[in-house]
Amino acid sequence: MKATIKTNKGDMSFILNDEAAPKAVENFTTHAKNGYYDGLIFHRVIKDFMIQGGDPTGTGCGGESIWGKAFEDEFSLDARNYYGALSMANSGPNTNGSQFFIVQAKTVPDSLLSQMEDLKDKGFPQEVINKYKESGGTPWLDFHHTVFGMLCDGADVLEDIASTKTGMADKPVYDVVIETIIIED
């Protein structure tokens with residue numbers, strides 16, 4: 001399944017992982033098909049970290065799931081917060097609603113990579129370490145935020161949005177608008 005987020009800065013497309021995160025994918029795709037995200041803004045943009053949207057209030061404090069209540073986290077060893085990951089934003093364990101973020105960190109700090117290398121002997125997969133070295137991302141968010149998709153097209157748009165000038169609370173000075181989200185089965 002594929003999702004294309006159409007914004008006033010261009011389009012970003014994602015392959016959705018409904019095997020690793022079936023509830024998150026169902027929530028996101030249902031909201032998208034119902035027009036819930038249409039016209040919302042990316043309310044939080046932090047360059048070299050992530051861009052966040054999906055809140056109808058535009059404050060980072062709103063939004064709800066399609067079930068009208070928070071739903072549980074879905075973690076998988078194969079779904080990590082690499083560069084381009086589409087993940088659920090939350091306010092703690094099992095508090096998923098409508099907000100999501102896209103990882104924009106192109107590198108992982110060397111100190112963190114060293115810690116990951118130290119964990120290699122304790123079963124931390126070398127292929128995960130290598131992927132974070134190659135593509136960047138936010139490994140400290142793994143198993144704290146449900147990853148339910150991965151960017152497959154539109155990295156230039158992600159970079160453009162991440163470069164947006166921001167003001168208080170990391171909110172863009174000029175709105176970055178989600179015009180609509182197209183879901184393809």
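In this predicted model, Asp-11 is partly exposed, with a relative accessible area of 33%. The side chain of Asp-11 meets that of Lys-6 in a salt bridge, with a distance of 2.7 Å from N to O. Lys-6 counts as partly exposed as well, at 28% relative accessibility. By the rule applied here, the structure contains 6 salt bridges.

A further salt bridge joins Asp-160 and Lys-9, whose closest N and O atoms are 3.7 Å apart. Asp-160 belongs to helix α4 (residues 155-162), while Lys-9 is found in the loop between β1 (2-7) and β2 (10-16); the pair therefore ties together parts that are 151 residues apart in sequence. Asp-160 is partly exposed, at 35% relative accessibility, and Lys-9 is partly exposed at 33%. The distance of 3.7 Å counts as a salt bridge because the limit between nitrogen and carboxyl oxygen is 4 Å.

Glu-117 and Lys-133 also form a salt bridge through their side chains, at 2.6 Å from N to O. This pair links distant parts of the chain, as Glu-117 lies in helix α2 (residues 110-118) and Lys-133 in helix α3, 16 residues apart. Glu-117 has a relative accessibility of 21% and counts as partly exposed; the value for Lys-133, likewise partly exposed, is 45%. Glu-117 is not classed as buried, because that term is reserved for residues under 20% relative accessible area.

Aromatic residues provide another set of contacts. The structure holds 10 aromatic pairs. One of them is formed by Phe-28 and Phe-148, a tilted pair with 5.2 Å from centre to centre and 55° between the planes. The two rings come from distant parts of the chain: Phe-28 is in helix α1 (residues 22-33) and Phe-148 is in strand β7 (residues 147-153), 120 residues apart. Phe-28 is buried, with a relative accessible area of 1%, and Phe-148 is buried at 0%. Ring pairs connect Phe-28 and Phe-148 with Tyr-36, Tyr-37, Phe-42 and Phe-100 in a cluster.

His-31 is likewise located in helix α1. This residue is buried, with a relative accessible area of 6%. When residues up to four places away in sequence are left out, the contacts of His-31 are Tyr-36, Tyr-37, Glu-64, Ser-65, Ile-66 and Ser-98. Tyr-36 and Tyr-37, which His-31 touches, are also members of the ring cluster.

A second aromatic pair is partly exposed at both of its residues: Phe-75 has a relative accessible area of 38% and Phe-143 one of 36%. Their rings form an edge-to-face pair, at 5.9 Å from centre to centre and with 75° between the planes. Phe-75 lies in the loop between β4 (50-53) and β5 (85-88), and Phe-143 in the loop between α3 (126-135) and β7, so this pair ties together parts that are 68 residues apart in sequence.

Phe-75 and Phe-143, together with Leu-77, make a nonpolar surface patch of about 310 Å². Leu-77 is placed in the loop between β4 and β5. At 64% relative accessibility, Leu-77 counts as exposed. Finally, a charged residue is found over an aromatic ring: Lys-131 lies over the face of Tyr-82, at 5.5 Å from the ring centre.

Key
Residues are numbered from 1 along each chain as its sequence is written. This is a predicted model: local features need pLDDT of at least 70, side-chain atom pairs count only at pLDDT 80 or more; totals for chains, interfaces and linings use all residues. Side-chain values use heavy atoms; hydrogens and water are left out. Rings of Phe, Tyr and Trp (its six-membered ring) pair if their centres lie within 6.5 Å; planes under 30 degrees apart count as stacked, over 60 as edge-to-face and the rest as tilted. Helices (H or I, at least four residues) and strands (E, at least two) are DSSP runs, numbered from the N terminus. Buried means under 20% relative accessible area, exposed over 50%, partly exposed in between (1.4 Å probe, protein chains only). A charge sits over a ring if NZ of Lys or CZ of Arg is within 6 Å of the ring centre and within 35 degrees of the ring normal. Patches are made of residues with over 30% relative accessible area and no salt bridge: like charges are joined within 9 Å, nonpolar side chains (Val, Leu, Ile, Met, Phe, Trp, Tyr) within 5 Å. Accessible areas come from the Shrake-Rupley method with a 1.4 Å probe; for residues, only the protein chains shown count as cover. Contact means heavy atoms within 4.5 Å.
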